[in-house]
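Visitor: I am new to this structure and should like to understand the terms applied to it. Please explain the reasoning behind each one.

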Amino acid sequence: MQTFDFDLFVIGGGSGGVRAARMAAQRGARVALAEVAAMGGTCVNVGCIPKKLYSYAAHYAESFEESHGFGWAGEAPVFNWEVLKTNRAKEITRLNGIYQGLLASAGATIITGWATLVDGHTVKVDEKTFTAKNILIATGGTPTVPAVTGREHIVTSDQMFDLAPFPKRLLVVGGGYIACEFASIFNGLGAEVIQVHRGEKLLTGFDDDVRSFVAVEMARSGVRLQFGAEVAAIGKAADGLTVEIKGGAAAFAVDAVLYATGRVPNTSGLGLESAGVKLNAKGAIEVNSHYQSSLPSVYALGDVTARLQLTPVALGEAMVVVDHLLGAAAGKKPRSMSYEFVPTAVFTHPNVGTVGYSEADARKEFGQVTVFRADFKALKHTLSGSGERTLMKLLVDDATDRVVGLHMVGPDAGEIVQGFAVAMKAGATKAVFDSTIGIHPTVAEEFVTMREPVKAAPASKA
Ligand SMILES: Cc1cc2nc3c(=O)[nH]c(=O)nc-3n(C[C@H](O)[C@H](O)[C@H](O)COP(=O)(O)OP(=O)(O)OC[C@H]3O[C@@H](n4cnc5c(N)ncnc54)[C@H](O)[C@@H]3O)c2cc1C
C-alpha cells in the first residue's frame, strides 16, 4: 500500500482552507496546510473583517449628525485615519494569530510558502516536496483590473485599508458590492466620493427595486454616482490624479482611484494544468458536487471555484469536503451543500440584506408571485433630521404561499435578514409570517405586518 506524508494537504490558509484543515485534523487525519501570506486569507486580511471595521468607523459620522435632533450638541468629532489603520492592523494581527493557533492546536502542520501541485498526490512548497492521499486547493481569488491608460496609478480593494494619506477625493470604478461598500465607507469617513459605473444600475444580480433604492440612498448620503460612464484614462496631476471619462467633457481631479471591477480565481502558477486539473472558461477549478476536480485525489473549494464567493459559503463547502473525505470514520453521512436561500449583505450606507430570489428570478422560477413592498422613513429619522428611507420587500410563491424572496435596504439589514433566512430555509409561508407577532417598535416588524400586495402576479410562467 502506498504511504503518504499526510492524509490531506491543503493549499491556502483562507476561510475555506483553514476550516477544512482544522476539521480534518480534529477528526484525527494527518493534515498539512501551506499558506504564502498572512493566515486567514482574504476575509481576515483584506476583505470582510477590515471592511466591516471601516464601515463601523464610517457610521459614526452620520450618528453624530443625527444626534443633534435628540438633544446632543457639541463640536463635531475629528476623524483620525492613522488611528483607525493602526487599530485595524492590530486586530487583524490578533486574528492571524488565532487562526494559526486553531490549526496548531488541532494538530495540523503549517507550512509557510508558495505551494504548487506536482501531481495528484504531490505538492511542492518552495524546494520541499510533500505527498498526501488527498490535496485540497483553497487559494481564493484576486482583484482584476481592465487594461486602461494610467493603470499604474490605480489601487484595488487590497490596498484600500492602508492608503496613505487619506484620500480626500476618491473615485471608485465599478458597480458591484465591493465598489459600493468602499464608496459608502470613504464617503462616511469624510472623502468626496464619485462612483463611476458603466451599467445603468448598481449591484447586478440583486432585486431590481433594491438596486434602484440603494442608489438613491447612497446618493442621498453624499456619493456622486455616474452611470453609463467608463474611464478613458488616468493621469498624474500636480496634486493627485485626473480621470477622463469616455465621451465626457471634463476630467475628475481626485487623490485616489479604486478599481473594484471584479475578481479572478487564483489558479495561475499552481501547476494545475500540467498536473491534470481542469479549469473552466472563467479560469476557475472545475469541481463536481463533492468538490472533486478532474484529478480524483484533488479537491477545490471557495473562491478558486468561482461560485458563490462568500466566506460562509467557503466554510460550508469545507465542512462538506471533510465529511466526504473523513465522514465515515466520524459516523457522518456524506452530504451536499445547498446554494438555495444563501443570505447576504452589502455594507453600504444604508445596508442591503437579501435572501432568496429577486423578483425577476422568482417570476422565472415560480411563475405566479405576489409582491409585498414597504418604503418608509424609520422612526429614528422623525427626530434625526436624516431623510434616509428604508425598503422592505417580500416575494411569495402563489402556488405554495412560501416566502421565496426577502429584501431590505436599511439600517442593520444584514442583522435582520440573517434571522429571516432561517425561517425561509425552513420553508416559512406568508401565513406563518402573518401569524408571527412583531417586536414593536422596530424596523424589522414590517416584515411580519405586510398585508397588502403591491402588484398582481402575471398570468403565465415566463
Ligand atoms: C473587499 C472584500 C470584501 C469582502 N466582504 C465579504 C463579506 O462581507 N462577507 C463575505 O461573506 N465575504 C466577503 N468577501 C469574500 C470573502 O473574503 C471570500 O469569499 C473568502 O475569503 C473566500 O475564501 P477562500 O478560502 O476561498 O479564499 P481566501 O480567503 O482568499 O484564501 C486563499 C488563501 O490562499 C493563499 N494562497 C493562494 N495561493 C497560494 C499558494 N500557491 N500557496 C500557498 N498559499 C496560497 C492566499 O494567500 C490566501 O491566504 C469579501 C472579499 C473582498 C475582496
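**Terms and their grounds**

Guide: Phe9 is found in strand 1, which covers residues 6-11. The model is a predicted one.

Visitor: Why is Phe9 called buried?

Guide: Buried means under 20% relative accessible area. Phe9 has 0% relative accessibility, so Phe9 counts as buried. The C-alpha atom of Phe9 is separated by 15 Å from that of Asp126, a residue 117 positions apart from Phe9 along the chain.

Visitor: What makes Asp126 partly exposed?

Guide: The term applies between 20% and 50%. The relative accessible area of Asp126 is 48%, and therefore Asp126 is partly exposed. Asp126 belongs to the loop between strand 5 (122-125) and strand 6 (128-137).

Visitor: What is notable about the phi of Asp126?

Guide: Phi of Asp126 is positive, near 50°, in a residue other than glycine. Most residues other than glycine have a negative phi. Tyr291 also has a positive phi, near 70°, and is placed in the loop between helix 8 (272-275) and strand 16.

Visitor: How do you know whether Tyr291 is buried or exposed?

Guide: The relative accessibility of Tyr291 is 1%, and the limit for buried is under 20%, so Tyr291 counts as buried.

Visitor: Which peptide bonds are described as cis?

Guide: The bond from Ala164 to Pro165 is cis, with omega near -5°. Another cis peptide bond joins His440 and Pro441, where omega is about -5°. Most peptide bonds are trans. Pro165 lies in the loop between helix 5 (157-160) and strand 8 (169-173), whereas Pro441 is in the segment after helix 13 (430-435).

Visitor: How do you know that the length of helix 7 agrees with what is expected?

Guide: Helix 7 has 14 residues, 208-221, which at 1.5 Å a residue should span 20 Å; the C-alpha atoms at its ends are 20 Å apart, so the two values agree. At the start of helix 7, a side-chain oxygen of Asp207 comes to within 2.9 Å of the backbone nitrogen of Asp209. Gly222, with a positive phi near 125°, follows the helix. Among the buried residues of helix 7 are Val210, Phe213 and Met218.

Visitor: How many disulfides are there?

Guide: A disulfide requires a pair of cysteine sulfur atoms within 2.5 Å, and by this rule the count is zero. As for two of the cysteines, Cys43 has a relative accessible area of 10% and is therefore buried, while Cys48, at 30%, is partly exposed.

Visitor: What makes the contact between Thr42 and the ligand a polar contact?

Guide: The cut-off for a pair of N or O atoms is 3.5 Å. A polar side-chain atom of Thr42 lies 2.5 Å from an oxygen atom of the ligand, so the pair qualifies. A backbone N or O atom of Leu310 is 3.2 Å from a ligand oxygen. The protein covers 93% of the 1,000 Å² of accessible area that the ligand has on its own.

Visitor: Which element gives the largest share of the shell around the ligand?

Guide: Helix 2 does, with four residues. The shell divides into 18 nonpolar, 14 polar and four charged residues.

Visitor: Why is Thr305 called buried?

Guide: Thr305 has a relative accessible area of 4%, which is under 20%, and is therefore buried. Thr305 is in the loop between strand 16 (298-300) and helix 9. The side chain of Thr305 reaches the backbone oxygen of Gly302 at 2.7 Å.

Technical notes:
Residues are numbered from 1 along each chain as its sequence is written. This is a predicted model: local features need pLDDT of at least 70, side-chain atom pairs count only at pLDDT 80 or more; totals for chains, interfaces and linings use all residues. Side-chain values use heavy atoms; hydrogens and water are left out. Buried means under 20% relative accessible area, exposed over 50%, partly exposed in between (1.4 Å probe, protein chains only). Helices (H or I, at least four residues) and strands (E, at least two) are DSSP runs, numbered from the N terminus. The expected span of a helix is 1.5 Å times one less than its number of residues. A polar contact is a pair of N or O atoms within 3.5 Å; within protein, one must be able to donate a hydrogen and the other to accept it, and residues adjacent in sequence count only if both atoms are side-chain atoms. Accessible areas come from the Shrake-Rupley method with a 1.4 Å probe; for residues, only the protein chains shown count as cover. Ala, Val, Leu, Ile, Met, Phe, Trp, Tyr, Cys and Pro count as nonpolar, Asp, Glu, Lys and Arg as charged, and the others, Gly among them, as polar.
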